[in-house]
Amino acid sequence: MAHIDAGKTTLTERILFFTGRIHSMGEVHTGSTEMDWMVQEKLRGITITSAATTAFWKPMRGPFAGTPHRINILDTPGHVDFTIEVERSLRVLDGAVAVFDASQGVEPQSETVWHQANRHGVPRIAFLNKMDKVGADFAMSVQSIRQRLDANPVPVQLAIGAGTDFRGVIDLLRMKAFFFDEASGEPSEAREIPEPLREEAEALRVRLIEACAEVDGTVLQKYVDGRLAELTEAELEHALRQGTLQRQLVPVLCGAAFKRKGVQMLLDAVVNYLPSPADLPAVEGVTPDTQVRVTRPANDEEAMSALVFKLMHDKSVGTIVFLRVYSGTLRTGMAVLNTRQQRRERVGRLMFMHANKREEVDAVHAGDICAALNLRGVRTGDTLSSLEAPVVLETLRFPEPVIQLAVEARARSDQQKMEEGLTRLAAEDPSLHVGVDSETGQQLLSGMGELHLEIVVDRLRTEYGVEARVGQPKVAYRETLRQKVRQDYRHVRQTGGPGQYAHVVLEVAPGPRGSGLVFVDDTHSGVIPKEFIPAIEKGVAGVMERGVLAGYPVVDVAVHLVDGSTHVRDSTPQAFTIAGSLAFQEAARRAGMRLLEPVMDVEVTTPEEFLGDVLGDLSARRGRVRGMEGHGTVRRISAQVPMACLFGYVTSLRGRTQGRAMATIRLATYEPVPDALQESALAAQQ
């Protein structure tokens with residue numbers, strides 16, 4: 001995981017080569033890598049969808065002596081528009097390699113994926129890539145991890161040289177130097193540390209021992225007793241592993257993946273420091289009926305549980321369902337329960353994936369990442385479990401879209417094909433929302449950015465043969481209330497037969513940002529029977545989804561049901577759904593509605609000579625500069641800018657800076673549109 005262009009796919013390609021998974025290495029710039037298999041990835045030289053593969057490295061010790069370690073690898077995109085791929089990968093993996101461009105240190109998307117990993121409790125090691133690049137700086141990169149990520153980076157290596165002088169690394173556990181062969185990237189035999197670097201290496205080793213002493217009693221005792229010379233490599237390795245698993249430290253390695261330097265040592269570190277499924281606590285879930293919390297240890301003998309984290313459509317075999325098996329054994333032909341739908345499924349073929357290639361197997365076990373066929377109606381985030389011991393695992397969180405555009409098929413005959421294609425693409429990518437404009441009947445696509453939707457339209461053409469006309473992109477606004485109001489609403493309808501009666505009194509108020517709908521039943525003495533309460537909430541939620549002011553979803557509202565009444569014959573759930581819906585609409589109009597706009601975190605890296613132009617342009621776009629820092633002659637500006645002012649910004653920035661500046665844009669928050677601009681914002685969206 002990393003910022004765009006840090007070298008993730010190149011590193012993965014070298015890992016596959018050194019583990020014998022492939023016999024010749026492809027390159028991103030020529031579109032020949034194994035993991036970037038989509039047409040759009042090959043043409044653009046970026047990763048768009050996370051690709052899964054499996055590799056084997058070095059025999060295990062102990063009871064499984066001689067068996068190589070199995071490493072399941074997910075190569076994720078670095079572009080913020082495809083952050084859903086990182087989110088779902090982090091949900092199902094056990095450890096992560098955070099890759100950094102050693103000339104840049106921590107970049108904006110590095111921060112985003114790091115915080116995602118924090119949220120999922122994923123242990124990490126850091127790899128400072130591109131040490132052979134001009135401007136590479138080992139110490140600066142380590143310091144930026146400490147400052148910008150609030151992490152505890154602990155170098156286990158020290159680079160020998162940087163840029164064109166990068167020649168090798170010092171192993172701080174063994175206190176030996178290793179020099180890389182320029183042609184093969186293979187490390188040399190252990191040598192003595194070059195004298196100019198000995199003092200720095202010894203200081204870093206003391207820092208490493210201090211970090212280990214904080215997490216391991218054996219190292220602490222020898223540190224306190226002044227017996228540092230007695231510390232063995234195995235003791236330090238064990239302490240580093242414990243600290244990594246507890247997420248109290250992050251081992252830092254370095255190399256140059258393009259030149260194959262440091263890749264084998266990184267593989268050793270993955271085996272030595274990152275967890276196996278057995279090292280982690282048992283996964284937690286709830287029983288579908290009683291919601292009782294249960295655990296499922298990573299053991300082949302346990303009841304089977306697996307999480308669906310990705311779908312992929314393949315023309316030859318249909319929908320491929322990617323699974324992480326958390327417990328038990330899943331076999332071909334086995335009957336399982338989809339606990340979301342409470343529906344039995346029979347597993348067709350099982351396979352391990354190597355990017356878009358498939359290797360069929362009869363069974364998969366606890367800890368495996370695999371794919372399955374012939375599972376109908378399954379969605380990303382669903383749990384599959386054994387019939388005898390059903391469980392619902394925590395599902396995935398999907399980001400809110402910030403941009404919207406209308407599409408229509410150029411040829412009327414392609415309309416149905418386009419709708420089918422969009423349905424499949426939305427099933428694959430939960431951050432893509434597909435809807436219909438109620439006024440024009442056009443298909444509306446909502447996504448994470450201009451590039452995201454551009455790729456979707458391109459995939460319609462290349463994968464489904466549909467040429468689409470695309471409207472101007474629009475901002476995906478939200479709506480919310482301005483003030484608190486109390487609304488009394490009585491729904492009465494008499495049509496000769498059974499009538500409809502529902503009476504509700506609602507208090508509605510703006511809620512905290514990000515709270516969504518908070519619905520509270522504050523009625524007393526059974527004035528509204530309990531069976532009608534969910535119907536009222538359903539009516540309110542329906543209006544919030546459709547919008548009140550301009551058709552955008554209403555968010556962050558607290559609704560208290562405080563009173564009401566019923567009729568002995570004419571009160572039904574349907575009547576209370578209608579009453580809840582109309583009561584909320586009326587309350588919202590009285591409270592006054594305001595637009596919320598997505599405000600983006602923008603980070604611009606620019607040569608110092610263009611600093612004034614860049615700052616002026618950000619200010620003209622309603623931007624608020626929040627900070628600035630420098631490294632050499634390069635300046636990094638952090639700002640927040642409304643999405644409405646950012647269409648075409650990256651192209652404009654390149655024009656202003658002779659193509660030498662870069663920008664990263666990601667969602668920060670939703671904020672109210674200034675009153676003076678709300679009418680013009682609504683008019684611009686028409």
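Strands, here, are DSSP runs of E of at least two residues, numbered from the N terminus, and helices are runs of H or I of at least four. With that convention in hand, the tour may begin; the model on display is a predicted one.

**First stop: a turn between two strands**

Select β15 (335–338) and β16 (343–346), then the loop between them, where Gln342 is found. The phi of Gln342 is positive, near 55°, although the residue is not a glycine. Gln342 counts as partly exposed, because its relative accessibility is 45%.

**Second stop: the segment before α1**

Move next to Asp5, which is placed in the segment before α1. Asp5 likewise is a residue other than glycine with a positive phi, in this case near 70°. With a relative accessible area of 60%, Asp5 is exposed.

**Third stop: α1 and α9**

Now display helix α1 (residues 8–18) together with helix α9 (residues 263–273). At what angle do α1 and α9 pack? The angle is about 85°, and the axes are 10 Å apart. The two helices are therefore roughly perpendicular to each other, since angles from 65 to 115 degrees are classed in that way. To see the contact, show the side chains of Leu11, Arg14, Ile15 and Phe18 on α1, and those of Val263, Gln264, Leu266 and Leu267 on α9. These contact residues divide into 6 nonpolar, 1 polar and 1 charged.

Remain on α1 and select Glu13, which lies in this helix. Is Glu13 buried or exposed? Its relative accessible area is 0%, so Glu13 is buried. Add Ala257 to the selection: 244 residues separate it from Glu13 along the chain, while their C-alpha atoms are separated by 8.9 Å.

**Fourth stop: the loop leading to α9**

Between β9 (250–254) and α9 runs a loop that contains Lys261. Lys261 has a relative accessibility of 2% and therefore counts as buried. Which residues does Lys261 touch, leaving aside those up to four places away in sequence? They are Phe127, Phe166, Phe180, Glu182, Gly185, Gly255 and Ala256.

Then select Cys254. This cysteine is buried, with a relative accessible area of 1%. The count of disulfides in the model comes to 0. For Cys254, the nearest cysteine sulfur belongs to Cys212 and is 18 Å away, whereas a disulfide calls for sulfur atoms within 2.5 Å.

**Fifth stop: helix α8**

Proceed to helix α8 (residues 233–245), which has 13 residues. At 1.5 Å a residue, α8 should span 18 Å, and its end C-alpha atoms are indeed 18 Å apart. Colour Leu236, Glu237, Ala239, Leu240, Arg241, Gly243 and Thr244, which are buried in α8. What covers them? The cover includes the strands β4 (124–129), β5 (153–155) and β9, along with the helices α6 (195–213), α7 (217–224) and α9. After α8 comes Arg247, with a positive phi near 60°.

**Last stop: helix α3**

Finish at helix α3 (residues 83–92). Because 10 of its 10 residues are buried, α3 is largely enclosed by the rest of the structure. The buried residues include charged ones for the viewer to pick out: Glu85, Glu87, Arg88 and Arg91. Also buried in α3 are Thr83, Ile84, Val86, Ser89, Leu90 and Val92.

Key:
Residues numbered from 1 in each chain as written. Predicted model: local features only at pLDDT ≥ 70, side-chain atom pairs only at ≥ 80, totals over all residues. Heavy atoms only, no water. Axes fitted to C-alpha atoms, helices over the stretch in contact; angles between N-to-C directions. Parallel < 35°, antiparallel > 145°, perpendicular 65-115°, else oblique. Contact = heavy atoms within 4.5 Å. Buried < 20%, exposed > 50% of the residue type's maximum accessible area, 1.4 Å probe, protein only. Expected span 1.5 Å × (residues − 1).
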